[in-house]
Amino acid sequence: ETTKDVLVCHLHQLQLFTPRLSRGYGLKHFKNDLKTVMQTTGIDGTPLVLLLEDHQFVEASFLEMINSLLSAGEVPGLYTPEELEPLLAAIRDSAAQENFRGSLFAYFARRVRTNLHVVIVMDSSATDFVKNCESNPA
């Protein structure tokens, strides 16, 4: 993350999150990072910028998950039912106060879509840039 990213987030009162890659960073770590981001935006209701750079897409599935998150506000299979139940219980009252008509998961997904801003930085001269954009249009 650069100083300007931090400054823009601060000016707009947004939290900034970017994955911290380390040796062995893989799908499990990325999913945990996504859960953190989704809980911050969907449960806590905190506006957040998820900053991702192309070198952080260690596995092709990372970009596919982000595409799903952008298009639907969720990542299928990210949470087990056992994980989801206590999370959604935390927003039951908020959904009722807003007279939300629908499932708690739909309310959660709506809050994620409202509060999460994804910034993807990609090198347009990279050989897989066009393929990545075409296969992940969101």
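Which helices each supply at least two residues of the lining of the largest pocket? I began my notes with this point, keeping in mind that the model is a predicted one. I found that helix H3, residues 60–72, and helix H7, residues 129–135, each meet that condition.

**Entry: the largest pocket**

I looked up the volume and noted about 240 Å³ of space in the largest pocket. I then listed the lining, which comprises 15 residues, and wrote down Phe 57, Ala 60, Leu 63, Asp 128 and Asn 132 as the closest to the centre of the pocket. By character the lining divides into six nonpolar, three polar and six charged residues. H7 gives the most to this lining, with four residues.

I followed Asn 132 further, since its place is in helix H7. With a relative accessibility of 16%, Asn 132 counts as buried, because the cut-off for that class is under 20%. When I left aside the neighbours within four places in sequence, the contacts of Asn 132 were Leu 63 and Met 122.

**Entry: aromatic pairs**

I searched the whole structure for aromatic pairs and recorded five. For Tyr 79 and Phe 108 I noted an edge-to-face pair, with 6.2 Å from centre to centre and 80° between the planes. This pair links distant parts of the chain, as Tyr 79 sits in the loop between H3 and helix H4 (81–89), whereas Phe 108 belongs to helix H6 (residues 104–115), 29 residues apart. I checked the accessibility of both partners: Tyr 79 is buried at 12%, and Phe 108 is buried with a relative accessible area of 1%.

I next took up Phe 100 and Tyr 107, whose pair is tilted, with 5.2 Å between centres and 55° between the planes. Tyr 107 counts as buried, at 0% relative accessibility. I also wrote down one aromatic cluster, formed by Tyr 25, Phe 30 and Phe 62.

**Entry: helix H6**

I compared the length of H6 with expectation: the helix has 12 residues and reaches 16 Å from its first C-alpha to its last, close to the 16 Å expected at 1.5 Å a residue. The buried residues of H6 are Leu 104, Tyr 107, Phe 108, Ala 109, Arg 111, Val 112 and Asn 115. I then asked what covers these buried residues, and the elements I noted include helix H2 (27–43), strand E2 (48–53), H3, H4, helix H5 (92–97) and strand E3 (116–121).

**Entry: helix H2 and the loop after it**

For H2 I made the same check of span: its 17 residues should cover 24 Å at 1.5 Å a residue, and the end C-alpha atoms are 23 Å apart, which agrees. Among the buried residues of H2 I noted Phe 30, Asp 33, Leu 34, Lys 35 and Val 37, and also Thr 40, Thr 41 and Ile 43. The buried residues of this helix pack against strand E1 (15–17), E2, H3, H4, H6 and E3.

Just after H2, I recorded that Gly 45 takes a positive phi of about 75°. Thr 46 has its place in the loop between H2 and E2, and I noted it as partly exposed, with a relative accessible area of 23%. Leaving aside the neighbours within four places in sequence, I found Thr 46 in contact with Gln 15, Thr 40, Thr 41 and Asn 115. I lastly looked up Thr 46 against Glu 83, and these two are 37 residues apart in sequence and 20 Å apart in space, C-alpha to C-alpha.

Conventions
Residues are numbered from 1 along each chain as its sequence is written. This is a predicted model: local features need pLDDT of at least 70, side-chain atom pairs count only at pLDDT 80 or more; totals for chains, interfaces and linings use all residues. Side-chain values use heavy atoms; hydrogens and water are left out. On a 1 Å grid over the protein atoms alone, a cavity is a set of points where a 1.4 Å probe fits but cannot get out, and a pocket is an open set with protein on both sides within 12 Å along at least five of seven lines; lining residues have an atom within 4 Å of a point. Grid points are joined across faces, edges and corners, and a volume is the space filled by probe spheres set on the points. Ala, Val, Leu, Ile, Met, Phe, Trp, Tyr, Cys and Pro count as nonpolar, Asp, Glu, Lys and Arg as charged, and the others, Gly among them, as polar. Rings of Phe, Tyr and Trp (its six-membered ring) pair if their centres lie within 6.5 Å; planes under 30 degrees apart count as stacked, over 60 as edge-to-face and the rest as tilted. Buried means under 20% relative accessible area, exposed over 50%, partly exposed in between (1.4 Å probe, protein chains only). The expected span of a helix is 1.5 Å times one less than its number of residues. Contact means heavy atoms within 4.5 Å.
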